[in-house]
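I opened a fresh page for this chain and wanted to record, step by step, what I looked up in it.

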Amino acid sequence: MNFFSKFFKKNQKKIDIIAPISGTIIDLEKVPDEVFSKKIVGDGIAINPSGNQLVAPISGTIGKIFKTLHAFSIKSDEDIELFVHFGIDTVQLKGKGFKNLIIKKRKVQVGEPIIGLDLLFLKKNAVSIITPIIISNMEKINKIKKFSGKVIEGKTKIMTILK
């Protein structure tokens, strides 16, 4: 990439990120965990969830599903790496309230179910159910447009990335 290519929109690729869970978007800075709110692991948004499953926010390959099922990573064909982390300190629940709906290292399409949730149990037992969606390879991103408001899993845009 030459010096001027970052400044010409025609050279940039636009990638939409779709809501992995229904709910309401909140600013990442409001997540009650400094690892996310201070963008230590990357930039993105968070969702205060109302849905009962996490779905693929982009088409790509599942990289890792944590044993405790509270988080997963996915990499798009355009080389966007996302990390979806349900709640705060949910690793402490040791998988309770979560159900694996997919096999790791598998190609998925936007909206395909990945992890099922017992939202009532998680609301009662997690420190927080706020769900960060993080771009973990920010060095490859030119610009992020973040959206706000209510979202529907697998349908509503939450971010558009220019790469």
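Before noting any partners across strands, I wrote down the rule I rely on: two strands count as paired if DSSP finds at least two bridges between them. I also noted that I am working from a predicted model.

**Entry on strand E7**

I began with strand E7, residues 81–85, and asked how many of its 5 residues are buried. I found that 4 of the 5 are buried, so the strand is largely enclosed by the rest of the structure. I then looked up its partners, and found 5 bridges that join E7 to strand E6, residues 71–76, with the two running antiparallel. Within this pairing, I noted that Ser-73 has Phe-83 in E7 as its bridge partner. The hairpin of E6 and E7 has 4 residues between the strands, and there I marked Asp-79, which takes a positive phi near 70 degrees. I also found E7 joined to strand E11, residues 131–135, by 3 bridges, again in the antiparallel sense, and here Leu-82 stands opposite Ile-135 in E11.

**Entry on the open sheet**

Next I looked up a sheet of 3 strands, which is open, has the order E1-E14-E12 and is paired antiparallel. I noted that E1 and strand E12 (143–146) stand at the edges with a single partner strand each, so one side of each is left without a neighbour in the sheet. Neighbouring strands of this sheet are turned by 20 degrees against each other on average, with direction ignored. For the pairing of E1 with strand E14, residues 157–162, I found 5 bridges in the antiparallel sense, and I wrote down Ile-161 in E14 as the bridge partner of Ile-15.

**Entry on the cores and Phe-86**

Which residues have the most contacts inside the largest nonpolar core? I found that this core has 38 residues, and that those with the most contacts inside it are Ile-47, Phe-72, Phe-86, Ile-115 and Ile-158. I also recorded a second, separate core of 10 residues, which includes Ile-26, Leu-28, Ile-88 and Ile-134.

I stayed with Phe-86 and found it buried, with a relative accessible area of 0%. Leaving aside neighbours within four places in sequence, I listed the contacts of Phe-86, among them Ile-21, Pro-49, Leu-54, His-70, Phe-98 and Leu-117.

I then looked for aromatic pairs, and the count comes to 2. One of them I noted in full: Phe-86 and Phe-98 form an edge-to-face pair, 5.8 Å centre to centre, with 80 degrees between the planes. This pair links distant parts of the chain, with Phe-86 in the loop between E7 and E8, Phe-98 in strand E8, and their positions 12 residues apart. Phe-98 is buried as well, with a relative accessible area of 10%.

**Entry on Ser-22**

Is Ser-22 buried or exposed? I found Ser-22 in the loop between strand E1 (14–18) and strand E2 (23–26), and it counts as buried because its relative accessible area is 15%, where the limit for buried is under 20%. A polar atom of the side chain of Ser-22 lies 3.0 Å from the backbone nitrogen of Glu-153. Not counting residues up to four places away in sequence, Ser-22 touches Glu-153 as well as, for example, Ile-47, Pro-49 and Val-151.

**Entry on Asn-100**

I looked up Asn-100 in strand E8, residues 98–100, and at 38% relative accessibility it counts as partly exposed. The side chain of Asn-100 reaches the backbone nitrogen of Ile-102 at 2.9 Å. Beyond residues up to four places away in sequence, Asn-100 touches Ile-65, Leu-69 and Ile-114.

**Entry on positive phi angles**

Since Leu-69 had come up, I checked its backbone and found phi near 60 degrees, a positive value in a residue other than glycine. Leu-69 lies in the loop between strand E5 (60–65) and E6 and is buried, with a relative accessible area of 13%. Lys-39 also has a positive phi near 60 degrees, and its place is in the loop between helix H1 (34–37) and strand E3 (43–49). Lys-39 is partly exposed, with a relative accessible area of 30%.

How values were computed
Residues numbered from 1 in each chain as written. Heavy atoms only, no water. Buried < 20%, exposed > 50% of the residue type's maximum accessible area, 1.4 Å probe, protein only. Polar contact = N/O pair within 3.5 Å; in protein donor to acceptor, adjacent residues only side chain to side chain. Contact = heavy atoms within 4.5 Å. Core = buried A, V, L, I, M, F, W, Y, C linked by side-chain atoms within 4.5 Å. Axes fitted to C-alpha atoms, helices over the stretch in contact; angles between N-to-C directions. Phe/Tyr/Trp six-rings, centres within 6.5 Å; stacked < 30°, edge-to-face > 60°.
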